[in-house]
2 protein chains.
Amino acid sequence: MTSSYMNEMQTPQKVLLGPGPSSVHPRVLQAMSMPVMGHLDPAFFQVMDDVCEMLRLVFHTSNKMTVPISSTGTGAMETACTNIIEPGDTVLICRNGYFGIRLGDIAERCGATVHLMDTPWGHPVDPQMLRDEIKKLPALKAVGVVHAETSTGVLSSVKELVEVIHEAGALAIVDAVTSLGGHEVRMDDWGLDVCYSATQKCLGAPPGLAPISLSDAAMDVVAKRKSKVQSFYFNLKDLESYWNQTRAYHHTSPINMTYALREALRMMMEEGIDKRIERHARVAAGLRAGVEALGMDLLAEEGARLNPLTTVSIPEGIEDGKVRRALLNDYDIEIGGGLGEFAGKAWRIGLMGESARERNVFALLSALETLLNKEGYEVAYGASLSAAQKAIATYGE
Amino acid sequence: MTSSYMNEMQTPQKVLLGPGPSSVHPRVLQAMSMPVMGHLDPAFFQVMDDVCEMLRLVFHTSNKMTVPISSTGTGAMETACTNIIEPGDTVLICRNGYFGIRLGDIAERCGATVHLMDTPWGHPVDPQMLRDEIKKLPALKAVGVVHAETSTGVLSSVKELVEVIHEAGALAIVDAVTSLGGHEVRMDDWGLDVCYSATQKCLGAPPGLAPISLSDAAMDVVAKRKSKVQSFYFNLKDLESYWNQTRAYHHTSPINMTYALREALRMMMEEGIDKRIERHARVAAGLRAGVEALGMDLLAEEGARLNPLTTVSIPEGIEDGKVRRALLNDYDIEIGGGLGEFAGKAWRIGLMGESARERNVFALLSALETLLNKEGYEVAYGASLSAAQKAIATYGE
């Protein structure tokens, strides 16, 4: 084996239509390549303040604690759990996909007694079912729900679920990794206690940071903990000091990733948050129409389908890996395979952030038509493109 | 207050001579701005493999588990502790500065019974003292030491300390955040069990990733744990699968940061690891000579002084913040203030990675001469520059 590390790095440009990362605009990449500053430089504090101010707008909140965590989304999930949960606490995790399972796993690692409420994959979490479930359980410290389940392409009604959670006097921990910036997320209006996301989906930045937002009530719970937070790195009281108060050093911020997030958020402000969400809805409508015109089934329940991520049932006789490899190698298009229960059975097609463009819908459908025909799954050429075009053109009518 | 977030981002170019981040070469920044790829794209796997191969060379190891953690250095410290330590384990942490204190704090949060061995700030950890201390203690699972204490500018002899640790049958956890790439770190020859670092110091990349290396014996301890690792995000068995084995998804890698690390490591390979270490030594010799010519005291014990970071006693009557602000605002030079016991008493001057250049030594000494004279601390103009120049020119003679 010869070493390849001395070669120039190869980074072929791909159209990223998987479950994230999504493609990133050159402006954001350029911002990320600006000179490094110190994490205690007042010029960097300005970048931090700008990021927090824009994140509050995206989360629709005026709370004090809305910051990016120095990790990817899973780290923010861990931040939420490890700060809210103390050993011995009782929590309920709603699981309707892979990331609900992960949330339950992490809550358990925090020493919680974890109750689980399972919903079949492909379906949203039902508020009435949650109400009934909570009645059977002892007092709950918190309930965890996934707003946009990236494994199944399902959107749950967080607004209704949080009402039920608050009826029970519990805190609502909400995973908005795939929804923030692609669906409406209203921290204050819906009364979310803890909500987190990630930069590499609908926010349009590279992976590496994970915004989190906590209501004042939730931060009060964090402040009144009896035990130390088991993670030093994800300790929110220390992060609050650095981001919002004394600027006391906690850890060295990922400076250039913070530049990237600022520019990505600035581009969202220029576009408008609602317009960005509508763009996600419009292109998703096109994709869904196109996929159905190909005769393929959508795996998410109608009425609960995510816009940033569409799950498609792989037709019988079609080999998952072969098609995805051909898309990646011959068309420079990445889509995602299934996770967990859906492994080998589903494709996950993301239209997120900068990737949520009409041209990408047509590029993908065209490539899929060709590849499926090659594999003996006969579809009429152009049919899916026409269907997608019509759905996009008439969106909202 | 008007919002500044819609303005173009301001990132003035500073000469970063603090405790990290260090300045980053344009080639590294450029690599970081290449198009985002998917974290499961074979083209990205190649980047990952290249990074791991070069990291093994820098750590001087042939072990299987040498990877970058998706966090800054403190996250790698937590990764080391949370994977090695199980609740109820007994460990000893050697503290001779702020980061030793942090290591003890994190070990405690992992549920360990933590014994502490304190060495006065400014001095290295003494192997014989460690041997004597260990004799008084029950059987230890691990002993944690900081190779290069960034708060004090002190280098401890990890080679000797690890011999003592192994005599006692314990695992050695070594913090090499500020030493890797700036001092010799020999994972295999010295028998280190766990060693971690960070990208933003002597490796010459922006902050955001933290290389870690575990011996096969240490990974065996991780594999045979009775309890789950309390952190999901930092769980090394899962990361091993993603980086070295099945490529199974664990979390979305910070793709562009990984590009940056690859390019920074490639630049180190071009320069030569030993040459890079010698460069750090040469410029540090110049800085120390210059600082002493200014009549200021070095705070680290002679013979145990770090090259990447020099701690200087702030002369009486000189206001810490005023001088550092003037350096930053009028000279575009960042140096660090003191941490913990040294807050307000010390300056921490880093010459790390791309910042470890002769020109930066002269720029800083010249600015300091001017500022100190302005503050009434009289020094002869040019004296420190001459002393530095001579020390650099005659280095190694």
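## A predicted two-chain model

In strand E4 of chain A, Thr113(A) has Thr90(A) standing opposite. The model that holds this pair is predicted. The mean pLDDT of chain A is 97, and 99% of its residues reach 70 or more. For the model, ipTM is 0.97 and pTM is 0.98.

### The sheet in chain A

Strand E3 (residues 90-95) of chain A pairs with E4(A) in the parallel sense, over six bridges. An open sheet of seven strands in chain A runs in the order E2-E10-E9-E8-E5-E3-E4, and its pairing is mixed. Which are the edge strands of this sheet? They are strand E2 (65-69) and strand E4 (113-118) of chain A, each of which pairs on one side only. On average, and with direction ignored, neighbouring strands of the sheet are turned by 15 degrees against each other.

Helix H4 (residues 98-109) of chain A packs on this sheet. The strands that H4 touches are E3, E4, E5 (142-146) and E8 (171-175) of chain A. The direction of H4 makes about 165 degrees with that of E3(A).

### The domains of chain A

The domain assignment divides chain A into two parts, listed here with the residues that each gives to the contact between them.

| Domain of chain A | Residue range | Residues in the contact |
|---|---|---|
| Domain 1 | 26-269 | 24 residues |
| Domain 2 | 272-393 | 23 residues |

The C-alpha centres of domain 1 and domain 2 of chain A lie 28 Å apart. On the side of domain 1 that touches domain 2, helix H2 (42-59) and strand E7 (154-155) of chain A are the elements that give two or more residues. The residues of that side of domain 1 are 11 nonpolar, 11 polar and two charged.

### The two chains together

How many residues of chain B are in contact with chain A? There are 66, and they meet 66 residues of chain A. Five helices of chain B each supply at least two residues of this side: H1 (26-32), H2 (42-59), H3 (73-84), H4 (98-109) and H10 (255-271). H10(B) gives the largest share, eight residues. By class, the side of chain B that touches chain A holds 28 nonpolar, 26 polar and 12 charged residues.

A turn of 180 degrees, with a shift of 0.0 Å along the axis, lays chain B on chain A with an RMSD of 0.0 Å. This is the relation of a two-fold axis. Both copies use the same surface, as 98% of the contact residues of chain B recur in chain A.

Notes: Residues are numbered from 1 along each chain as its sequence is written. Chains are lettered from A and ligands numbered from 1 in the order in which they are written. This is a predicted model: local features need pLDDT of at least 70, side-chain atom pairs count only at pLDDT 80 or more; totals for chains, interfaces and linings use all residues. Two residues are in contact if their C-beta atoms, placed from the backbone, lie within 7 Å. Helices (H or I, at least four residues) and strands (E, at least two) are DSSP runs, numbered from the N terminus. Ala, Val, Leu, Ile, Met, Phe, Trp, Tyr, Cys and Pro count as nonpolar, Asp, Glu, Lys and Arg as charged, and the others, Gly among them, as polar. Copies are superposed by least squares on the C-alpha atoms of residues with pLDDT of at least 70 in both. Domain bounds come from an automatic or database domain assignment. pLDDT is the predictor's confidence in each residue, from 0 to 100. Two strands pair if DSSP finds at least two bridges between them. Axes are lines fitted to C-alpha atoms, for helices over the stretch in contact, and angles run from 0 to 180 degrees between N-to-C directions.
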